[in-house]
Amino acid sequence: MSYKTKTKDEIAARIAQDIPSGAYVNLGIGMPVMVANHIRVESEVCLHSENGILGMGPTPAKGQEDYDLINAGKQPVSLLAGGSYFHHADSFAMMRAGHLDICVLGAFQVSVQGDLANWHTGAVGDIPAVGGAMDLAIGAKQTWVMMDLLTKTGQSKIVSHCTYPLTGLGCVKRVYTDHATFECGENGLWVVDVVEGLSFTELTELIGVPVHQRN
Amino acid sequence: MVGGFGTAGIPYELIEGLIQILEDRDVRDLTIINNNAGNGEHGLAALLRTQRVKKIICSYPRQADSHIFDALYKAGKLKLELVPQGNLAERIRAAGAGIGAFFTPTGYGTELAKNLDGSPKETRQINGRMHVLEYPIHADFALIKAYKADRWGNLVYRKSARNFGPIMAMAAKCTVASVFEIVDLGALDPESIITPGIFVNKVVLVREPDHQMA
């Protein structure tokens with residue numbers, strides 16, 4: 001049977017669906033930022049930005065940008081009513097101490113034990129840069145990953161053990177991909193949903209390491 | 001220590017002043033602490049280009065236009081201590097708060113829980129969770145950008161340009177803050193002062209730019 005994988009925008013919409021009203025959420029640089037487009041304003045989800053913003057709002061209209069008000073990706077943003085500013089140590093205290101409900105991060109690899117690798121390919125000559133990835137990964141009450149299931153060459157990014165340098169150990173709670181959604185639970189990853197037309201058997205063949213399904 | 005994150009809070013005028021001061025001095029062993037490692041041609045990038053810096057402590061050196069850092073690093077002319085951003089902030093905060101060291105869960109089990117010589121940092125299990133011992137980062141000078149000051153050095157900041165300013169101000173022996181306006185004592189709302197003047201040694205008045213320009 002044939003199937004169609006989700007677009008990045010569809011994965012973002014799927015993630016937004018699981019974010020409860022009133023949650024404090026950090027969206028990582030890159031793909032995860034797209035989740036913001038699918039969060040309903042009336043849900044009062046409060047977005048955190050590592051550089052010292054709670055209540056971050058959308059990109060301002062052209063001509064309204066203020067380069068003292070930027071997000072972690074260094075792009076101009078706005079502040080919603082009720083928003084606040086704070087310094088970096090407070091911002092990372094919010095992460096480290098579990099004050100944030102959810103963070104959504106991109107990933108190079110996620111292991112079936114919930115280990116995350118997303119900061120460095122480890123390639124010789126690559127300049128490493130970590131930013132807030134390690135603090136976010138281990139700090140939020142729940143760390144969710146948003147990624148394509150396969151690399152461009154068709155390798156599964158869900159692995160038995162990460163071969164890239166680790167960001168955090170056993171920190172991932174859910175994995176949202178273009179093929180399926182997974183929950184980290186007892187004995188590894190459990191499939192939550194799969195795109196229409198893709199069977200569980202076909203999915204496990206793509207991944208190449210055992211994952212579980214509930215009856 | 002140099003404040004700033006992205007386009008916000010970089011004390012460009014103070015960095016330019018530092019570069020000028022260094023012109024007739026034989027200083028080649030500065031350590032710079034900043035979240036990044038300079039980008040484009042100005043600010044920290046310009047300071048790095050003078051080759052007065054031997055080491056940089058930061059969380060995110062690689063950027064689209066960090067070519068001056070990239071070249072010096074690859075040529076072995078600049079040492080890098082890469083620190084997770086929250087550990088960087090907390091190590092700076094700890095220095096300013098008189099803390100000897102602290103245990104943090106961030107980085108446990110990763111390559112960044114190692115010392116520069118590759119030896120593992122001290123770890124400890126606390127309440128069932130593994131932590132890494134991290135030491136404070138002190139500095140001789142902090143160059144930061146605030147919004148307004150008074151004669152006592154009390155500071156308020158502007159939007160997300162606050163970023164590292166308040167914690168760096170506390171962590172250095174001498175803190176220099178650039179501001180756009182110096183107001184009379186009592187003109188800043190005491191409830192709104194973010195950095196009390198006790199943490200600030202010098203205030204430098206600079207021209208306020210158009211904040212809508214990157």
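## A tour of the two chains

Of the 214 residues of chain B, 47% count as buried, and this chain of the predicted model is a convenient place to begin. Colour chain B by confidence before going further: its mean pLDDT is 96, and 100% of its residues reach 70 or more. For the complex as a whole, the predictor gives an ipTM of 0.95 and a pTM of 0.96.

With chain B still selected, switch to a cartoon, in which five helices and 12 strands make up the secondary structure. Along the principal axes, the C-alpha atoms of chain B fill a box of roughly 50 × 45 × 35 Å. The radius of gyration of chain B is 18 Å, which agrees with the value near 17 Å that a compact globule of 214 residues would have. Among contacts in chain B with a separation of 6 or more, 74% are between residues 24 or more positions apart.

Next, show both chains and select the residues where they meet: 40 residues of chain B are in contact with 31 residues of chain A. On the chain B side, the elements that give two or more residues are helix H3 (67-74), helix H4 (85-97) and helix H5 (165-171). The largest share, five residues, comes from H4(B). If this side of chain B is coloured by residue class, it divides into 17 nonpolar, 15 polar and eight charged residues.

Now isolate H4(B), whose 13 residues reach 18 Å from the first C-alpha to the last, close to the 18 Å expected at 1.5 Å a residue. This helix is mostly covered, with 12 of its 13 residues buried; among them are the charged side chains to display, Glu90(B), Arg91(B) and Arg93(B). To see what surrounds H4(B), add helix H2 (88-96) and helix H3 (133-139) of chain A, together with strand E4 (102-104), strand E6 (129-134) and H5 of chain B, since the buried residues of H4(B) pack against these elements of both chains. Just after the helix, stop at Gly98(B), which takes a positive phi of about 75°.

Turn then to chain A, where there are four helices and 13 strands. The C-alpha atoms of chain A fill a box of roughly 50 × 40 × 30 Å along the principal axes, and its radius of gyration of 18 Å agrees with the value near 17 Å for a compact globule of 215 residues. Buried residues make up 45% of the chain, and residues 24 or more positions apart account for 63% of its contacts with a separation of 6 or more.

Within chain A, select helix H1 (residues 8-17), whose buried residues are Ile11(A), Ala12(A) and Ile15(A). They lie on the same side of H1(A), because they cover an arc of only 100° around the axis. Adding strand E5 (102-105), strand E8 (142-146) and E10 of chain A brings up the elements against which these buried residues pack.

The last stop is Gly168(A), in the loop between strand E9 (158-159) and strand E10 (172-176) of chain A. Is this glycine buried or exposed? Gly168(A) counts as buried, because it has 27 C-beta neighbours inside 10 Å, where the cut-off is 20 or more. Leaving aside neighbours within four places in sequence, display Leu116(A), Met134(A), Ala137(A) and Ile138(A), with which Gly168(A) is in contact. A distance drawn from the C-alpha atom of Gly168(A) to that of Ala107(A), 61 residues apart along the chain, should read 11 Å.

Note on methods: Residues numbered from 1 in each chain as written. Chains lettered and ligands numbered in written order. Predicted model: local features only at pLDDT ≥ 70, side-chain atom pairs only at ≥ 80, totals over all residues. pLDDT = per-residue confidence, 0-100. Contact = placed C-beta atoms within 7 Å. Rg over C-alpha atoms; globule rule 2.2 N^0.38 Å. Expected span 1.5 Å × (residues − 1). Arc of directions from axis to C-beta.
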